[in-house]
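The following exercises concern a sheet, a ligand site and two backbone conformations. Each task is followed by a solution in steps.

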Amino acid sequence: VGIGPGAVSQMTMEAKQAIEAADVVVGYKTYVKLIETIVKPDAEIFSGVMGKEVERAKAAVSKALQGKCVAVISSGDPGVYGMAGVVLEVADREKAKIPIEIVPGVTAATAAASRLGAPLVTDFAVISLSDLLTPWDLIEKRLHAAAKADFVIVLYNPQSEGRKEPLAKAYEILLEHRKPETPVGIVRQVGREGEETVVTTLKELVESEVDMTTTIIVGNSTTRVVGKRLITPRGYDL
Ligand SMILES: C[S@@+](CC[C@H](N)C(=O)[O-])C[C@H]1O[C@@H](n2cnc3c(N)ncnc32)[C@H](O)[C@@H]1O
């Protein structure tokens with residue numbers, strides 16, 4: 001179940017109903033906290049730490065095999081770097097005959113775009129800078145390809161306290177293909193306490209405050225800043 005970027009108000013009705021109906025709720029502890037007000041009082045909660053996704057998926061499949069109605073929650077959309085894939089893979093590996101439904105959610109890219117204006121109204125690419133599950137050389141290849149093809153680029157997992165190198169390298173790659181003054185939007189904690197939106201340029205990106213709950217949107221060659229907003233023209237004749 002995709003819980004959206006943060007606030008319960010940003011959740012779809014379908015996601016809310018799925019969580020309210022669940023006997024068991026499985027999720028990363030930060031996300032479980034965001035939805036605890038709508039969980040059934042007697043629901044069992046299986047919360048865990050980041051990096052234990054396989055463990056959570058196995059627990060969810062095992063509970064479902066016991067006949068429980070289980071909601072595995074992901075922030076944003078479960079099919080966008082979320083739990084949908086690993087749950088389906090575990091169920092397949094264990095040949096578990098259980099009905100599985102994927103409930104979509106508002107992904108961070110579109111939630112961040114809404115705060116910035118309209119940067120994604122044309123073709124865009126989403127790239128995660130986390131090399132935990134994807135080799136770094138493949139991430140570099142994708143950054144080059146998307147930048148060269150003039151996609152608006154959304155960066156997920158940009159950097160954390162101990163992991164600053166990927167964003168620094170991505171910055172160098174993007175500057176090989178885009179002008180330094182290309183508009184960039186940085187949105188932290190969309191829908192959560194401490195939400196922040198910054199409009200800057202590619203050149204200034206390295207000086208901006210960025211963490212793991214930040215989504216960065218790098219404009220294409222036509223993206224412009226209007227007031228405090230980003231617009232990527234779709235091509236209409238005005
Ligand atoms: C592993 S991805 C999960 C994406 C999620 N499934 C989705 O659809 O939004 C995590 C990354 O999403 C972005 N993200 C998730 N929630 C966010 C929020 N509330 N505000 C800004 N960025 C967010 C950040 O870039 C973060 O590092």
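A polar contact is a pair of N or O atoms within 3.5 Å. The model examined here is predicted.

**Exercise 1. Determine which backbone atoms of the protein make polar contacts with the ligand, and how much of the ligand is buried.**

Step 1. Begin with the surroundings: 19 residues surround the ligand, and the closest are Val80, Thr107, Met212, Thr214 and Thr215.

Step 2. Consider the oxygen atoms of the ligand. One of them is 3.1 Å from a backbone N or O atom of Asn157.

Step 3. Turn to nitrogen. A polar backbone atom of Gln189 lies 3.4 Å from a nitrogen atom of the ligand, and for a polar backbone atom of Val190 the distance to a nitrogen atom of the ligand is 2.9 Å.

Step 4. Assess the burial. The ligand taken alone exposes 570 Å², of which the protein buries 92%.

**Exercise 2. Establish the strand order of the five-stranded open sheet and identify its edge strands.**

Step 1. Write down the order, which is S5-S6-S9-S7-S8, with mixed pairing.

Step 2. Find the strands that pair on one side only: these are S5 (124–128) and S8 (196–201), the edge strands. From one strand to the next, the twist averages 20°.

Step 3. Examine one pair. Strand S6 (residues 152–156) and S5 are parallel and share five bridges; within this pair, Val126 stands opposite Val154 of S6.

Step 4. Add the helices. Helix H5 (residues 108–116) packs on the sheet, where it touches S6, S7 (183–188), S8 and S9 (214–218). The direction of H5 makes about 70° with that of S9. Helix H6 (residues 136–148) lies across S5 and S6 and runs at about 160° to S5.

**Exercise 3. Locate Asp150 and Asn157, and decide why each counts as buried, partly exposed or exposed.**

Step 1. Place the residues. Asp150 belongs to the loop between H6 and S6, while Asn157 is in the loop between S6 and helix H7 (165–177).

Step 2. Inspect phi. Although not a glycine, Asp150 has a positive phi of about 60°; Asn157, not a glycine either, has a positive phi of about 50°.

Step 3. Apply the cut-offs: buried is under 20% relative accessible area, exposed is over 50%, and partly exposed lies in between. Asp150 has 28% relative accessibility and therefore counts as partly exposed. Asn157 has 24% relative accessibility, so Asn157 also counts as partly exposed.

Step 4. Link the results to Exercise 1. Asn157, with its positive phi, is the residue whose backbone N or O atom lies 3.1 Å from a ligand oxygen atom.

Definitions and conventions: Residues are numbered from 1 along each chain as its sequence is written. This is a predicted model: local features need pLDDT of at least 70, side-chain atom pairs count only at pLDDT 80 or more; totals for chains, interfaces and linings use all residues. Side-chain values use heavy atoms; hydrogens and water are left out. Two strands pair if DSSP finds at least two bridges between them. Helices (H or I, at least four residues) and strands (E, at least two) are DSSP runs, numbered from the N terminus. Axes are lines fitted to C-alpha atoms, for helices over the stretch in contact, and angles run from 0 to 180 degrees between N-to-C directions. Contact means heavy atoms within 4.5 Å. A residue is near a molecule or strand if one of its heavy atoms lies within 4 Å of it. A polar contact is a pair of N or O atoms within 3.5 Å; within protein, one must be able to donate a hydrogen and the other to accept it, and residues adjacent in sequence count only if both atoms are side-chain atoms. Accessible areas come from the Shrake-Rupley method with a 1.4 Å probe; for residues, only the protein chains shown count as cover. Buried means under 20% relative accessible area, exposed over 50%, partly exposed in between (1.4 Å probe, protein chains only).
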